[in-house]
Amino acid sequence: MAEVLVYVDHVDGAVRKPTLELLTLARRIGEPVAVALGNGAADTAAALAEHGATRVLTHDAAEYADYLVVPKVDALQAAFEAVSPAAVLVPSSAEGKEIAARLALRIGSGIITDAVDLEAGDSGPVATQSVFAASFTTKTRVSKGTPVITVKPNSAAVEAAPAAGAVEALEVTFGALATGTKVTARTPRESTGRPELTEAAIVVSGGRGVNGTENFAIIEALADSLGAAVGASRAAVDAGWYPHTNQVGQTGKSVSPQLYIANGISGAIQHRAGMQTSKTIVAVNKDAEAPIFDLVDYGVVGDLFDVVPQLTEEINTRKG
């Protein structure tokens, strides 16, 4: 069976969930070979092997932390040349898409971004995409070279599938451009104790109807009762009620959780583009004609200031 390269997103050896999802998809089309780079790369092996990686190629160097993107592209290209894979899978983060695009250009291959599913085809992997502001679903295949595919978080379930996970050192030679853009400072993200927005299984969002920064406490309380991430519409972010890092939509982040709860959000097309691939969508809005109700699986016509606290209380009661 052909091998499939999987780029590993990890933090000091702790493998992030989207990578484990990629291993599930990679097993559909071949044998996963993981590529882990940077500090703690070797520590990823156990988790990767547990989820199906037959081999783990590792390399650590200061360049991965000190410089942007290009050193990782150099390493992924080295892995590509060593393995000759049937496909390359990369998490669909901002950095992941830049790495994938640069790699595809170097190896003369086509690229598919933001896939939400992947299956084996007669002429190579076939990716499912949600396109044109999530108005259409397409089946896409790369027609030239080795497919380079970025996959959105929550596109597949994490499935244990123990494999050898043999750790092998990857030989990497950095090019002249690897040190072109230096990282001069880092500011750790302030922890909220909630899941990362793009990776969360449940997202609770607030929009214009929340009507103020202080009222987002209602949204946060519901999110915390569910162990969810907190999102916001562009209207709420533009009003200064919530940080841009939590914006969901065409000009914010795209999410695809198992459950998305929209509170006081009208359902403008730019917001729908960022959450329409959610598996189950629930909306609370006092306007029965709000466009969001055309999209939802379950809708509640009512004042969010009445509905959301009652929902939070009921969830906490059942948990207790």
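**A walk through the predicted model**

Serine 205 is found in strand 12. The model is a predicted one, and this residue serves as the starting point. Serine 205 has a relative accessible area of 0%, so it counts as buried, the cut-off being under 20%. Leaving aside residues up to four places away in sequence, serine 205 touches Ile219, Gly231, Ala232, Val248, Tyr260, Ile261, Ala262, Asn263 and Ile265.

Strand 12 belongs to an open sheet of five strands, ordered 13-12-14-15-16, with parallel pairing. Strand 13 (229–232) and strand 16 (298–301) each have a single partner strand and stand at the edges, so one side of each is left without a neighbour in the sheet. On average, and with direction ignored, neighbouring strands here are turned by 15° against each other. Within the sheet, five bridges join strand 14 (residues 259–263) and strand 15 (residues 280–285) in the parallel sense. Asparagine 263, one of the residues that serine 205 touches, has valine 284 in strand 15 as its bridge partner.

A helix packs on this sheet. Helix 6 (residues 216–226) lies across strand 12 (202–206), strand 13 and strand 14, and runs at about 170° to strand 12.

The loop between strand 11 (166–169) and strand 12 holds threonine 187. What is the relative accessibility of threonine 187, and how is the residue classed? The value is 76%, and threonine 187 therefore counts as exposed, the cut-off being over 50%. Threonine 187 and tyrosine 298 are separated by 111 residues in sequence and by 40 Å in space, taken from C-alpha to C-alpha.

Next comes strand 10 (residues 148–151), which is covered on both faces. Val148 and Thr150 on one side are buried, as are Ile149 and Val151 on the other. Strand 10 pairs with strand 6 (residues 87–91) in the parallel sense over four bridges, and valine 90 stands opposite threonine 150. Strand 10 also runs parallel to strand 7 (residues 111–119), to which three bridges join it; here isoleucine 112 stands opposite isoleucine 149.

Val151 of strand 10 leads on to the empty space in the model, being one of the residues that line the largest cavity. Rolling a probe the size of a water molecule over the atoms shows where empty space is left. How many cavities of 30 Å³ or more does the structure hold? There is one, and the space in the largest cavity is about 30 Å³. Its lining consists of Pro18, Glu21, Leu22, Leu25, Val151, Lys152, Pro153, Ser155 and Ala156. Helix 1 (residues 17–29) gives the most to this lining, with four residues. By class, six residues of the lining are nonpolar, one is polar and two are charged.

The second largest pocket holds about 340 Å³ of space. It is lined by 21 residues, and the closest to its centre are Arg208, Gly209, Gly264, Ile265 and Ser266. Ile265 is also among the residues that serine 205 touches. At least two residues of the pocket lining come from each of helix 7 (234–238), helix 8 (269–275), strand 15 and helix 9 (304–319). Strand 15 is thus both a strand of the open sheet and a contributor to the lining of the second largest pocket. The residues of this lining divide into seven nonpolar, nine polar and five charged.

Terms used
Residues are numbered from 1 along each chain as its sequence is written. This is a predicted model: local features need pLDDT of at least 70, side-chain atom pairs count only at pLDDT 80 or more; totals for chains, interfaces and linings use all residues. Side-chain values use heavy atoms; hydrogens and water are left out. Two strands pair if DSSP finds at least two bridges between them. Axes are lines fitted to C-alpha atoms, for helices over the stretch in contact, and angles run from 0 to 180 degrees between N-to-C directions. Contact means heavy atoms within 4.5 Å. Buried means under 20% relative accessible area, exposed over 50%, partly exposed in between (1.4 Å probe, protein chains only). On a 1 Å grid over the protein atoms alone, a cavity is a set of points where a 1.4 Å probe fits but cannot get out, and a pocket is an open set with protein on both sides within 12 Å along at least five of seven lines; lining residues have an atom within 4 Å of a point. Grid points are joined across faces, edges and corners, and a volume is the space filled by probe spheres set on the points. Ala, Val, Leu, Ile, Met, Phe, Trp, Tyr, Cys and Pro count as nonpolar, Asp, Glu, Lys and Arg as charged, and the others, Gly among them, as polar.
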